[in-house]
Amino acid sequence: MSALQPSELDRPTLARDRSAADADLKSVSAALRRAEFGDRMRSLLLAAPLLVLLALSFGIPIVLLLSRAVYDPTIADALPKTTAALAGWNGQGLPADDAFAALAADLKDTQAKGTAYELAKSLNARLPGARSQVLKTVRKLESADGQAALDTLKSVPFWSAASTWPAIQNGTRSLTSFYLLSALDLRWNADGGIERVPPEQAIFIQVFLRTFFVAASVTLATLILGFPLAYLIANVPKGLAAILIVAVLLPFWTSILVRTAAWTVLLQKFGLVNDFLLFIGIASDRLDLMYSRIGLIIAMTHIQLPFTLLPIYSVMRTIPPSQMKAAYSLGARPFTAFRRVYIPQVFAGVLAGCMLTFILCLGYYITPALIGGASDQLISNFIANYVNVELNWEMAAALSFILLVFTLALFGIFARILGLDRLKLV
Amino acid sequence: MTQMRTRLFALAAATACMTIAGAAFADELSIMASGGAWQDAQRKAWFEPFAKETGAKILEQEYLGDLGKVKAMVETGNVPIDLVTVETATVLQGCDAGILERLDYSKIAPRDKFIQGSALDCGVGLDAYGDILAYDPTVLKEGPTSVLDLFDTTKFPGKRAMRKFPAQNLEWALMADGVAPADVYKVLATPEGVDRAFKKLDTIKKDIVWWDAGAQPAQLLASKEVVMTTAWNGRIQNAIDTDGKPFKIVWNNQILEYDMIAIPKGARNPELAYKYLAYISKPENNAKLASYITYGPVRTDAASFVAPDALPKLPNAPDHLAGAYLVADTEFWGDYGEDLVKRFNAWLAQ
Amino acid sequence: MLLSPYPTAGERIRITLLWIWCGLVILFLLVPILIPVPLSFNSGAFFIFPLEGISTRWYEVVLGTQRWQSAIGNSLIVALGTTLIATTLGTLTAIALSDERFPGRRIVMPLLLSPLIVPVVITAVGSYLFYARVGLASTYAGIILAHTALASPFVVVTVGASLTGFDRNLMRAAAISGARPLTSFFRVMLPLILPGVLSGAAFAFVTSFDEVVVVQFLASAGQRTMPLEMFIGLREKLSPAITAAATLMMALSILLLLVANILARRGRKASA
């Protein structure tokens, strides 16, 4: 019967449905379907503006950026003739002279097209040392044509080295797994298998693990600090609870930059935290809290605490005190009542809060940049570095791609357990 | 009717756009500089007098060492800046990458009037500065006497701040490891030399706090977070002169470098940008910056225009070149910079 | 409520410990945000205690210089624009999604929340590249659009939460009593979910007001916001003007928070 009940904005449909049902019982089910269809369309229409806006302002930009992780036409664009010449090459030994001639012509063209640098950079990522060789050869080719160009190219040993041509052929394939593998410290080896990169080049696995470690530490810290406070707020008289909630929300409303700046003031060597630790005698010497892992975790815990606390509180608030009273009156000891009656009910809130904090921590950028040391930079800092400093957007895209897969997978698991409806903020 | 209205609207919009665009392009010069005391000095020495002389309006933006934003602007053809101040290594990188315009020196100043290495294809020198060591004598009673004392953790225990960038640090590391200044770049061009430099840096890695903005060294010293720091000489002098900090500068083994200014490809107002470059490249104007921050001129014929009281504080003052010093090799960093930055970042992360 | 009806001594001790722990947590929460306040009255140019002297020179810098004034103006334009769009569209979407028959709800909801999850650096670079292509970079509209993407999930979630407690029979009752859909929305539904809408709006405002990474890429000299000025200051100048700006922003936040609270309470009374 519930399907017959119209949705909230649905009076005209209701009238129509009713007359239809009255007129002909056989068409009831058809009318129901129609009504349901109308309802669905209406809710879609309500949601459409935001969905369209998000697709334009967020979805498309992200997809375009992420596509850079797997689609890199730099080499194919810079070397069109070579790409064609290498299409049928089997990858053994050196290709025929026409491939050399095509490469010479392509390299010469890069000068005019202004693609020499991008080509050199892109090839260098696959073939260390290629950068200077490409630029040098391009300069040499400036005054050479035809046979002379071919000879010039062959006179540079780099272009006749065993590893050069497979790398070029690989690079001419625009659809590439190169960056994604690099983001996991992996690469293709000469035999077509996947291997780990040498240890001095391997950094990303370590950075991903570090990011997870920091996120987990912060999540745990916010839970330990936040759970008792949430419990207290949910169980004190309304007026006091309102004041306490303001105390929680106040930092939440303060610029993340300001809080990070405040923590630099607090954590520095002659800052208040060190003063305090010396004063109460916990530390005998001033600690290096700035530019350290522990300082980063403290500052991030401060910023994330409300995110963990508020969902827990919002669940605790809905648990009527009469339940606990009932448990007491049935003879349960306070701890038992807490464990058996209270905890199972707030579990969803705890998970929601922790999930929110953990996921947000994975994307931290400003606080590690300002408070963390060189070995405390998280994956977002590396992404920013690839975008801004190294100008390697493909690598940045690949790192984001992997980070995104991780987070979405986590999110999926939690959503499965919890249902997204349980996600509350206040 | 509807169609006509649409057309009218389009026309009005187009006109409005053109008016706005025209007004914005004619006499506005958007300059991206790297902030802090240095940008303040440029404002007084150059921005304001230039604006007064030409009637142009100068819009300032801060550049945080990120070529990424400039690249994004150029790649998408939306370049809201006309000039950007950069380091030499960045000029070479940006030049190769096609992000920066190749300069026409006939519109600026004779290229041979600049100190060698300070007039590049895609960037023209603004000033000469020194990478120096600074410390607080109230903390270190017996201060370091050379920048290379960075590596002496037994005599000078405690944290030291260094720039989060391979340039200078690798040079200092090699010199501290016994390489003569004249051979530094020769050694650094070999893989063994690079390994050697990183190995030397490894010995103090755990004692290093990294800075990346020019104002940080003075702050790190003031808050006593570190006992010594590498820095750009003008920033420290500024903290001494303006904020009354008791810091001391160690000139021995300093590295001399040039600040550069460049025009990004596709800048909206290149003519005015060239006008500005010509203006600041006049010897009398080039020398003016030294009165506001202790960076020297890059024109060989500008020394006589430097205010007499500013002269002794400049990095290229005779007193400061009396000990050992190194002139940064722009070309070396152009060739090897990218790979070394990569290696350095991997080393940092490990 | 904290104590059982006949508390034992042990229980009393536990409750006392709870109070002490929570007191410390509150201190941990509040001390760092109160730190900028005294620092903003420092007469010296560095971020250190003890203060070198008391002065209001940094407030004069923030309120008196054109640079900060325009940053304040830009921040308000962007944050208010974002709040308006995100709250309106987010509320509509939350209402639509609260209907269990919404097609593809399980897919749409995570998509809506994804701006919260994607590292903001990626959002920033991605939107810069795309917006520049369509002429939205370096415009208020572009920044507002990008901020709306970041802020709307908060609205959807908070309004969605308040809707789970909303009894749909009320709307049916309104419909049966002859109210038109819009009327019943404004007269029945909105007053009841108003606390959720307002807190969603507050979240949206703060998200935009606080945001710096996207602005860093999308804004040129004409659209610099307060956080961007502060970020540049933190990286570059480390001037206590930042703390003065922070104190002002905090004052604004407290004011907003109080207003939102009062409104929310009124909404709750009306529904009771």
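## A strand in chain B and a helical chain C

Strand β5 (residues 160-163) of chain B runs parallel to strand β7 of chain B, and 2 bridges join them. Strands pair if DSSP finds at least two bridges between them. This is a predicted model, in which local features need pLDDT of at least 70 and side-chain atom pairs count only at pLDDT 80 or more, while totals for chains, interfaces and linings use all residues. Residues are numbered from 1 along each chain as its sequence is written, and chains are lettered from A and ligands numbered from 1 in the order in which they are written.

**Strand β7 of chain B**

- Helices (H or I, at least four residues) and strands (E, at least two) are DSSP runs, numbered from the N terminus.
- On the β5 side, B:Ala161 stands opposite B:Thr229 in β7(B).
- Strand β4 (residues 124-135) of chain B is antiparallel to β7(B), with 5 bridges joining the two; here B:Leu133 has B:Thr230 as its bridge partner.
- β7(B) covers residues 228-232, and 5 of its 5 residues are buried (20 or more other C-beta atoms within 10 Å of a residue's own; exposed means 12 or fewer, partly exposed in between, with C-beta atoms placed from the backbone).
- B:Met228, B:Thr230 and B:Trp232 point one way from the strand, whereas B:Thr229 and B:Ala231 point the other way.

**Chain C as a whole**

- Chain C has 12 helices and 0 strands.
- Of its 272 residues, 52% are buried.
- Contacts are residue pairs whose C-beta atoms, placed from the backbone, lie within 7 Å. Among those in chain C with a separation of 6 or more, 74% link residues 24 or more positions apart.

**Helix α5 of chain C**

- Helix α5 (residues 105-117) of chain C has 13 residues, so at 1.5 Å a residue it should span 18 Å, and its end C-alpha atoms are indeed 18 Å apart. The expected span is 1.5 Å times one less than the number of residues.
- Its buried residues include C:Met109, C:Leu112 and C:Leu116.
- The buried residues of α5(C) pack against α2 (28-70) of chain A, and also against α4 (66-98), α6 (120-133) and α7 (140-164) of chain C.

**Record annotations on chain C**

- An unreviewed UniProt entry places the feature "transmembrane region" at several stretches of chain C, including residues 76-97 and 109-131. UniProt positions use the numbering given here, feature names are shortened, and annotations may be inferred rather than shown by experiment.
- Residues 76-97 of chain C are 100% helix and 0% strand, with end C-alpha atoms 30 Å apart.
- Residues 109-131 of chain C are 91% helix and 0% strand, with end C-alpha atoms 25 Å apart.

Conventions. Contact = placed C-beta atoms within 7 Å.
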